[in-house]
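This report goes through a single protein chain, moving from its strands to its core, its pocket and its backbone exceptions. The sequence and the coordinates come first.

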Amino acid sequence: PLPALYPQIKSQQSEVTRILDGKRIQYQLVDISQDNALRDEMRALAGNPKATPPQIVNGDQYCGDYELFVEAVEQNTLQEFLKLA
């Protein structure tokens, strides 16, 4: 269940926003916790019926999950990951 994951989700979300802020990359947070339609949309974009936040999307292009985001940061391929390059 999602509530048990909540501290991990918040921690990962904070890390993503900290990195994006540090690189001056604009973003919009979408809180899916109160809206099942938004959660379903996130899972459809991710192609995973059990996907949990944070999932990174650019417009309607799915970029990846937290693990792939961190990997892109470590490999210095964040622009490509975010489909900005």
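Gln 55 has Asp 65 of β2 as its bridge partner. The model in which this pairing occurs is predicted. Strand β2 covers residues 61-65 and pairs with β1 in the antiparallel sense, over 4 bridges. The hairpin of β1 and β2 has 2 residues between the strands, and Gly 59 in this hairpin takes a positive phi near 65°.

**Ahead of the hairpin**

The loop between α2 (36-46) and β1 (55-58) contains Gly 47. Gly 47 has a relative accessible area of 64% and is therefore classed as exposed. Its C-alpha atom is separated by 8.9 Å from that of Tyr 62, although these positions lie 15 residues apart along the chain, counted as their separation in sequence. Pro 54 is also in the loop between α2 and β1. The peptide bond that leads from Pro 53 to Pro 54 is cis, with omega near -5°.

**The nonpolar core**

The largest nonpolar core has 12 residues, among them Val 16, Ile 19, Leu 20, Tyr 66, Phe 69, Phe 81 and Leu 82. At least two residues of this core come from each of α1 (2-22), α3 (66-74) and α4 (78-81). In soluble globular proteins, nonpolar side chains tend to be buried together.

Val 16, one of the core residues, is in contact with Pro 54, Tyr 66 and Phe 69 when its neighbours within four places in sequence are left aside. Helix α1 also holds Gln 12. With residues up to four places away in sequence not counted, Gln 12 touches Pro 53, Pro 54, Tyr 66 and Glu 67. Both residues of the cis peptide bond are thus among the contacts of Gln 12. Is Gln 12 buried or exposed? Gln 12 is buried, because its relative accessible area of 11% is under the 20% limit.

**The salt bridge**

How many salt bridges does the structure hold? There is 1 salt bridge. Arg 18 forms it with Glu 15, and the closest N and O atoms are 3.0 Å apart. Arg 18 and Glu 15 are 3 residues apart in helix α1, so about one helical turn separates them. Side chains of opposite charge can pair when their charged atoms come close. Arg 18 is exposed, at a relative accessible area of 52%, whereas Glu 15 counts as partly exposed at 26%.

**The largest pocket**

The largest pocket has a volume of about 970 Å³. It is lined by 31 residues, and those closest to its centre are Gln 28, Leu 29, Val 30, Asp 31 and Gln 55. Gln 55 is also the bridge partner of Asp 65. Each of α1, α2 and β1 supplies at least two lining residues. Helix α1 gives the largest share of the lining, 8 residues.

**Positive phi outside glycine**

Most residues other than glycine have a negative phi, and most peptide bonds are trans. Two residues that depart from the phi tendency are listed here.

| Residue | Phi | Place | Relative accessible area |
|---|---|---|---|
| Asn 76 | about 60° | loop between α3 and α4 | 67%, exposed |
| Lys 83 | near 60° | segment after α4 | 35%, partly exposed |

Asn 76 is exposed, because its relative accessible area of 67% is over the 50% limit. Lys 83, at 35%, is partly exposed.

Conventions: Residues are numbered from 1 along each chain as its sequence is written. This is a predicted model: local features need pLDDT of at least 70, side-chain atom pairs count only at pLDDT 80 or more; totals for chains, interfaces and linings use all residues. Side-chain values use heavy atoms; hydrogens and water are left out. A nonpolar core is a set of buried Ala, Val, Leu, Ile, Met, Phe, Trp, Tyr and Cys residues joined through side-chain atoms within 4.5 Å. Buried means under 20% relative accessible area, exposed over 50%, partly exposed in between (1.4 Å probe, protein chains only). Contact means heavy atoms within 4.5 Å. Two strands pair if DSSP finds at least two bridges between them. A salt bridge is a side-chain nitrogen of Lys or Arg within 4 Å of a carboxyl oxygen of Asp or Glu. On a 1 Å grid over the protein atoms alone, a cavity is a set of points where a 1.4 Å probe fits but cannot get out, and a pocket is an open set with protein on both sides within 12 Å along at least five of seven lines; lining residues have an atom within 4 Å of a point. Grid points are joined across faces, edges and corners, and a volume is the space filled by probe spheres set on the points.
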